[in-house]
Amino acid sequence: MNPNEVRAILERQAYESERTGPPEGFPQFPDVPGKRYVDPAFNALEREHMWHKTWVYAVHGDEVPEIGSYVQWTRLNEPLFFIRGEDGTVRCFYNTCRHRGAPVVTEPSGKSRGVTCKYHGWTYNTRGELINLRDRRDFVGLDLSCRSLIEVRCESIGNLYFVNLDTGAEPLRDYLGPVAAYLDEMRPDELILVDKTAIKVKCNVKILLDAFLEVYHLKSIHQGTVDRFLDHRGSAIALWEKGHSRMVTPYRREGWKDPGVRGLPSVEGVDPFFGDTNLSIMAYPNFVSPVAPQGVPVLCFWPDGIDSMTIEVHWFAPSWGDGPRPEVWDMRLKNFLSILDEDLQFADKIQKSVESAGLRGFPLNYQERRIYYWHEELDRRIGADLIAPELRVPAMLGEYVERPEPVPAPNAADPVT
Ligand code: FES
Ligand SMILES: [Fe+2]
């Protein structure tokens, strides 16, 4: 990490700890309308213009470890699967046969040099090309080359594979901007998948997303856990373009070390600053990661329906070498999930509130500005004109958005001079 950046974060934390109010001129936000969480038309716009047009993290390379390994993936409520090709490349396709739409893979995961639709036997290779079909003589003028599986944009940062349903989307790295630089710092091509868990929650996805964009709640719901070592009042927030953001929360005691990571290997060469503070990055719209040198948890938030969602917890870490997973991981994963339980406790109740006449809108404070920014970005992507006036979140944070210098990707070719 650039030393100037570390210095700026530390100065910012000191400023935040000592300030007596928001910075001079900071705006008062209008309430975020509660109906954004329940209105079917708004949520349909959100799906069409945001979820279906954005890069989202999907799978780790370890989930498709060998040539022909495949895994189904339906988090965007679209039937997709990933498969590792003969050339080692991981590709993503619609799990939809080009004949009459039956799935071409039916197991959740598996391994095959190609996939054969079980309905009438059309066969595709790992590049998605149609290579064989039964009774070809009975099709008039069928051009196999026009009947490949439909491919979905899939790009990676190291072993972390992202997808975007929008074929015209900008490249993943351009989209992620400063977030990619933070992931690169963790040597993502060497990170292994340690664990993956999914929890269903009965609330609109935005209710839980909001909860992970602030530390204002620490003193109440994490009083016996996170609040004991994190000082929420010193939290330094950076808002970045495209809705991404970063929040760096200081430890209460300088030099405090997380006892839960003792004995675990660190990412080679990582800046020690990552272990000295709690640094959480957010890749818009649904990727939240409190990165640490001994392991990177990633929380992904997925809408299942208007009032139901799934939270996925992925854990990536440097390899501990041969042998079974060190026992310290059991405690680390368990602790993380029990803190997560604290975060989930009100989600279904807040859902009931937004469905009721008891809630009209959310007044957000300066500390909660990442939430406001998230919603601002959503409206930007949908286009304010398409949103009912009473549901809009007007843009107010533009002048607070930071634009860090782009960092070249590791191993990027030297620029031609
Ligand atoms: S639907 Fe797949 S072969 Fe007919
Ligand atoms: Fe929390």
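Which residues coordinate the iron ion (ligand 2)?

## Iron site

In this predicted model, the iron ion (ligand 2) is coordinated by three residues at 1.9 to 2.1 Å: His217 and His222, each through NE2, and Asp343 through OD. Along the chain, these donors follow the spacing H-x4-H-x120-D. His222 and Asp343 join distant parts of the chain, being 121 residues apart; His222 belongs to the loop between helix H6 (218-221) and E13, whereas Asp343 belongs to helix H8.

The accessibility of these two donors can also be stated. His222 has a relative accessibility of 2% and therefore counts as buried, the cut-off being under 20%. Asp343 has a relative accessible area of 10%, so this residue is buried as well.

## Largest pocket

The largest pocket has a volume of about 1200 Å³. It is lined by 50 residues, of which Phe229, Asp258, Asn278, Phe336 and Ile339 are the closest to its centre. Two or more lining residues come from each of strand E14 (245-250), helix H7 (273-276), strand E15 (277-283), strand E16 (287-291), strand E17 (296-305) and helix H8 (328-344).

Helix H8 gives the most to this lining, with eight residues; helix H8 also holds the iron donor Asp343. By class, the lining of the largest pocket comprises 29 nonpolar, 13 polar and eight charged residues.

## Second largest pocket

The second largest pocket encloses about 830 Å³ of space. Its lining consists of 35 residues, and those closest to its centre are Pro178, Ala181, Pro404, Glu405 and Val407. The elements that each supply at least two lining residues are helix H1 (3-18), helix H3 (172-176), helix H4 (178-185) and strand E13 (236-240).

Helix H4 provides the largest share of this lining, six residues. The lining of the second largest pocket divides into 20 nonpolar, three polar and twelve charged residues.

## Helix H1

Helix H1, which contributes to the lining of the second largest pocket, has 16 residues. At 1.5 Å a residue, H1 should span 22 Å, and the distance of 23 Å between its end C-alpha atoms agrees with this expectation.

How are the residues of H1 divided between buried and exposed? Val6, Ile9, Gln13 and Glu16 are buried. Viewed down the axis of H1, the buried residues fall within an arc of 90°, and they therefore line one face of the helix. Pro3, Glu11 and Glu18, on the other side of H1, are exposed.

Methods. Residues are numbered from 1 along each chain as its sequence is written. Chains are lettered from A and ligands numbered from 1 in the order in which they are written. This is a predicted model: local features need pLDDT of at least 70, side-chain atom pairs count only at pLDDT 80 or more; totals for chains, interfaces and linings use all residues. Side-chain values use heavy atoms; hydrogens and water are left out. On a 1 Å grid over the protein atoms alone, a cavity is a set of points where a 1.4 Å probe fits but cannot get out, and a pocket is an open set with protein on both sides within 12 Å along at least five of seven lines; lining residues have an atom within 4 Å of a point. Grid points are joined across faces, edges and corners, and a volume is the space filled by probe spheres set on the points. Helices (H or I, at least four residues) and strands (E, at least two) are DSSP runs, numbered from the N terminus. Ala, Val, Leu, Ile, Met, Phe, Trp, Tyr, Cys and Pro count as nonpolar, Asp, Glu, Lys and Arg as charged, and the others, Gly among them, as polar. Donors are N, O and S atoms within 2.8 Å of the metal (3.2 Å for Na, K and Ca); water is not among the atoms, so sites may look incomplete. Buried means under 20% relative accessible area, exposed over 50%, partly exposed in between (1.4 Å probe, protein chains only). The expected span of a helix is 1.5 Å times one less than its number of residues. The arc is that of the directions from the helix axis to the C-beta atoms.
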